[in-house]
Amino acid sequence: MKELEEFRKSVRSWLEESAPESLKGKASDPKAIYWGGKKSPLPFPDSKFWMEMMAAKGWTVPTWPQEYGGGGLSKAENKILTEELERLELPRPLTGFGITMIGPTILQYGTDEQKEYFLPKICSGEVRWCQGYSEPNAGSDLANVQTSLTDDGDGYIISGQKTWTSYGDLSDWIFLIGRTDWEVKKQAGITFILMDMDQPGVNVRPIKLISGESPFCEVFFDNVRAAKKHILGEQNKGWGVAKALLGHERIMIADVFGSTKSPAKEAKSLKDNATLYIGLKDGKLADSSIRDRMVQIQMDETCFDLTVQRNFDNMKAGHNPGPESSMFKIYGTELNQRRFELFLSILGPESLGWEGDGFLKDELQLTRNWLRSRGNTIEGGTSEIQLNIIAKAVLGLPTK
Ligand SMILES: Cc1cc2nc3c(=O)[nH]c(=O)nc-3n(C[C@H](O)[C@H](O)[C@H](O)COP(=O)(O)OP(=O)(O)OC[C@H]3O[C@@H](n4cnc5c(N)ncnc54)[C@H](O)[C@@H]3O)c2cc1C
């Protein structure tokens, strides 16, 4: 206990003295997080400096082993670091699919050489990653991937197309699945490989969405190359690795979108908005059905937060996520959609603006966030697919 108190003291004084003043108070700004790599825009002038000073302590990924650039913090120490960052409302210094998806999968399946090469570059923010899973004919039926990996000795020549690749245009490396054997059952001919995107023959085209943004890309591979030493797992055994990564992805999606991080703040925001747009009667919110929905959402959020936290504790104790991650994914994402539907009901017609002076900035942002939330039950595998996985792999229900 005494050591933890000492740890808190030293974290607090270090953050107070060293963290950039310009970033204090910015934690709740969704645009404040830096994604690292060579192409990501800097959210604030000090974002890179902040990332580098945290990376020097291993605190961009506080719980990863120190030998790979992490902080080696225990669960209790990590909690203290999180609390101290929250105290000054400092944003996390770095995010990305390196930290949330491919890093944990390299820790699980990588060789020592792969861990030593790739993980420090994630912790330092040097490399940003994207995910090359989906193709025009391989979404829910992911094992149907057609991108070909042709053996050329110590590497593979890669040809094909990926789609819906989030931030493909801003990433340096891609983790992808492709086909190395066309003669066997489709799951048995897949290889999982890591590839540098900075080479001729990689063509990335952003896809513009209804929201006006372009977070997705199509990525074309025209005879590009990846080294065999960058296969994760073994040749033709990539399906197991791909599923393991999806476990990490689904937990991450559930956590990012489902849990509120700060239930008290969320409750205040709901209450403030409801008071403003609906009004009070006899000291209570004038609309009783909205009142009921607010209370229900807040109870569900609190229970979900606690369950997600328990699951993270299990993961830190060495249990990698399995098919049960589908339960978190489906519940967290549907909870987020319910939350936005409730905000919409509270704001009424004010929530339907797209642009123009007739709406406040927050109202316009809400409309866009609500539209973005529709994608939550698709990304990382649709809700229907999660239900199939839960039925088969969690409940063990019979299949035909
Ligand atoms: C915000 C967002 C970010 C994404 N980022 C990435 C990324 O970075 N990299 C990447 O590789 N992909 C990414 N994706 C793609 C995502 O993984 C796919 O959209 C998803 O897996 C569904 O595939 P699909 O779009 O081809 O739909 P389809 O597979 O064509 O499905 C269409 C509909 O049919 C239903 N369906 C299909 N099969 C079944 C079945 N067996 N049983 C019941 N219902 C079924 C589905 O549930 C869905 O409603 C992203 C998607 C979104 C929305």
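**Strands, helix pairs and loops of the predicted model**

Six of the seven residues of strand β5 (residues 190-196) are buried, so this strand is largely enclosed by the rest of the structure. The description here is of a predicted model. Strand β5 pairs with strand β4 (residues 173-179), to which it is joined by seven bridges, and the two run antiparallel. Within this pairing, Ile 177 stands opposite Phe 192 of β5.

Strand β4 is also joined to strand β1, this time through four bridges and in a parallel arrangement. Here the residue of β4 that serves as bridge partner to Gly 132 is Leu 176. In a regular strand, side chains alternate between the two faces of the sheet. For β1 (residues 129-132), both faces turn out to be covered: Trp 129 and Gln 131 lie on one side, Cys 130 and Gly 132 on the other, and all are buried. Moving along β4, then, one meets Leu 176, paired with Gly 132 of β1, and Ile 177, set opposite Phe 192 of β5.

Turning to the helices, three packed pairs are worth a walk through. Helix α4 (97-109) and helix α5 (residues 112-123) pack at an angle of about 165°, with their axes 10 Å apart. Because angles over 145 degrees count as roughly antiparallel, α4 and α5 are placed in that class. Their crossing is left-handed. On the α4 side the contact is made by Gly 98, Ile 99, Gly 103, Ile 106 and Leu 107, and on the α5 side by Gln 114, Lys 115, Phe 118, Leu 119 and Ile 122. Sorted by class, this contact has six nonpolar, three polar and one charged residues.

Helix α8 (residues 288-316) and helix α9 (residues 325-347) form another such pair, with an angle of about 155° and axes 10 Å apart. These two helices are therefore roughly antiparallel to each other as well, and α8 passes α9 in a left-handed crossing. From α8 the contact draws on Ile 290, Arg 293, Met 294, Ile 297, Asp 300, Glu 301, Phe 304, Val 308 and Asn 311, while α9 supplies Phe 328, Tyr 331, Gly 332, Leu 335, Arg 338, Arg 339, Leu 342, Ser 345 and Ile 346. The residues of the α8 and α9 contact comprise 10 nonpolar, three polar and five charged.

Helix α9 also packs against helix α10 (residues 361-374), at an angle of about 150° and with the axes 9 Å apart. This crossing, too, is left-handed. In α9 the residues involved are Asn 336, Gln 337, Phe 340, Phe 343, Leu 344 and Leu 347, which meet Glu 363, Leu 366, Asn 369, Trp 370 and Ser 373 in α10. Six nonpolar, four polar and one charged residues make up the contact of α9 with α10.

The loops bring a few individual residues into view. Gly 71 is found in the loop between α2 (47-56) and α3 (75-87), and Gln 66 is found in that loop between α2 and α3 too. Gly 71 has 21 C-beta neighbours inside 10 Å and therefore counts as buried, whereas Gln 66, with 11 other C-beta atoms within 10 Å, is exposed. Leaving aside residues up to four places away in sequence, Gly 71 touches Lys 57, Gly 58, Trp 59, Pro 62, Thr 63 and Gln 66. Gln 66, counted in the same way, touches Gly 58, Gly 71 and Gly 72. Gln 66 and Pro 120 are 54 residues apart in sequence, and their C-alpha atoms are 9.4 Å apart in space. For Gly 71 and Pro 206, the separation is 135 residues in sequence and 35 Å from C-alpha to C-alpha.

Two further loop residues draw attention through their backbone angles. Glu 89 has a phi near 50°, a positive value in a residue other than glycine; this residue is found in the loop between α3 and α4. Because 14 C-beta neighbours lie inside 10 Å, Glu 89 counts as partly exposed. Asp 282, likewise not a glycine, has a positive phi of about 50° and is placed in the loop between β8 (280-281) and β9 (284-285). With 5 other C-beta atoms within 10 Å, Asp 282 is exposed.

Notes
Residues are numbered from 1 along each chain as its sequence is written. This is a predicted model: local features need pLDDT of at least 70, side-chain atom pairs count only at pLDDT 80 or more; totals for chains, interfaces and linings use all residues. A residue is buried if 20 or more other C-beta atoms lie within 10 Å of its own, exposed if 12 or fewer, and partly exposed in between; C-beta atoms are placed from the backbone. Two strands pair if DSSP finds at least two bridges between them. Two residues are in contact if their C-beta atoms, placed from the backbone, lie within 7 Å. Axes are lines fitted to C-alpha atoms, for helices over the stretch in contact, and angles run from 0 to 180 degrees between N-to-C directions. Angles under 35 degrees count as roughly parallel, over 145 as roughly antiparallel, 65 to 115 as roughly perpendicular and the rest as oblique. A crossing is left-handed if the near helix is turned anticlockwise from the far one by less than a right angle, and right-handed if clockwise. Ala, Val, Leu, Ile, Met, Phe, Trp, Tyr, Cys and Pro count as nonpolar, Asp, Glu, Lys and Arg as charged, and the others, Gly among them, as polar.
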